[in-house]
Amino acid sequence: MHQTFDAALGIDLLHANQAGADHNRTHFDEWGITCFNVMSSPGAGKTALLERTLAGLTPDLKIAVIEGDMTTELDADRLRRYNVPVIAINTGRSCHLDAKMVAGGIHRLAHEYNPTEFDLVLVENVGNLVCPAEFEVGEHVKVALLSITEGEDKPLKYPVMFREADCLLITKMDLAPHLDVDLNQIIANVRQMNPHVTIIPVSAKTGEGLSEWFDWVRTEVGPLAGMQSLVVGH
């Protein structure tokens with residue numbers, strides 16, 4: 001059976017992107033940097049989570065952020081308040097960051113700073129539950145967010161994101177008492193897609209689950225950190 005033109009084109013795009021992602025990862029490995037790709041639908045709380053993460057981890061880790069948005073630098077400006085390098089990438093009409101875009105961010109980071117001084121790069125991807133999971137950017141770790149307000153069915157309706165995730169943060173848990181949502185059913189649906197993913201319910205507002213999230217980050221950053229020191233988005 002012959003592939004349709006669209007299917008073949010999609011495969012070619014993914015193949016080319018993967019080559020670029022592998023090249024990006026080589027840079028990260030050479031510098032001793034761990035890279036997280038942070039993904040979710042719009043409004044799930046990526047930037048709020050990263051604000052709390054920067055506040056909680058910058059005493060221990062040297063962190064930079066690559067911030068992806070279709071337009072504006074509103075989220076990038078929020079993160080710059082934490083005195084870390086934030087490289088903003090506007091994707092225009094593209095619904096995700098790809099390896100080439102992130103390569104541009106990496107080159108800026110290497111030009112403006114000594115990249116070997118960083119432990120962690122947090123890539124905040126464009127808000128979308130589909131494309132970001134299919135286009136790698138050179139990350140070592142994929143982190144997905146699902147807000148409690150999105151309901152139980154999203155892992156079943158958008159399976160690729162949840163299959164690919166190394167860690168799933170169920171966000172906005174402070175709203176759970178006000179919603180007719182079954183947290184256990186969300187977790188069961190996620191496990192159906194990905195039995196081995198780490199799941200952490202969190203609230204950027206109250207701090208629920210953040211210490212567990214910080215510990216998980218430190219554990220994931222650890223292996224490359226040993227090469228340098230204790231050891232970047234919407």
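**Strand 6 and the nonpolar cores**

Strand 5 (residues 141-147) and strand 6 run parallel and are joined by five bridges. The model is predicted. Strand 6 covers residues 167-171, and five of its five residues are buried. This briefing takes the strands and then the cores.

**Strand pairing**
- Between strand 5 and strand 6, Ala 144 has Leu 168 as its bridge partner.
- Strand 6 also pairs with strand 7 (residues 198-201), in the parallel sense, over four bridges.
- In that pairing, Leu 169 stands opposite Ile 200 of strand 7.
- To get from strand 6 to strand 7, the chain passes through helix 8 (residues 183-193), and this β-α-β crossover is right-handed.

**The two faces of strand 6**
- Side chains in a regular strand alternate between the two faces of the sheet.
- One side of strand 6 carries Cys 167, Leu 169 and Thr 171, and the other carries Leu 168 and Ile 170.
- Both faces are covered, as all of these residues are buried.

**The nonpolar cores**
- The largest nonpolar core has 30 residues, of which Phe 36, Val 143, Leu 169 and Trp 213 touch the most other members.
- Helix 9 (residues 210-225) supplies the largest share of this core, with six residues.
- Another core lies apart from the largest one; it has 17 residues, including Met 161, Phe 162, Ile 170 and Met 173.

**Contacts of Trp 213**
- Beyond its neighbours within four places in sequence, Trp 213 is in contact with Phe 36, Leu 49, Thr 53, Val 143, Cys 167, Leu 169 and Ile 200.
- Among these contacts, Cys 167 and Leu 169 are on one side of strand 6.

Definitions and conventions: Residues are numbered from 1 along each chain as its sequence is written. This is a predicted model: local features need pLDDT of at least 70, side-chain atom pairs count only at pLDDT 80 or more; totals for chains, interfaces and linings use all residues. Side-chain values use heavy atoms; hydrogens and water are left out. A nonpolar core is a set of buried Ala, Val, Leu, Ile, Met, Phe, Trp, Tyr and Cys residues joined through side-chain atoms within 4.5 Å. Buried means under 20% relative accessible area, exposed over 50%, partly exposed in between (1.4 Å probe, protein chains only). Contact means heavy atoms within 4.5 Å. Two strands pair if DSSP finds at least two bridges between them. A crossover is right-handed if, with the strands pointing away from the viewer, the path from the first strand over the helix to the second runs clockwise.
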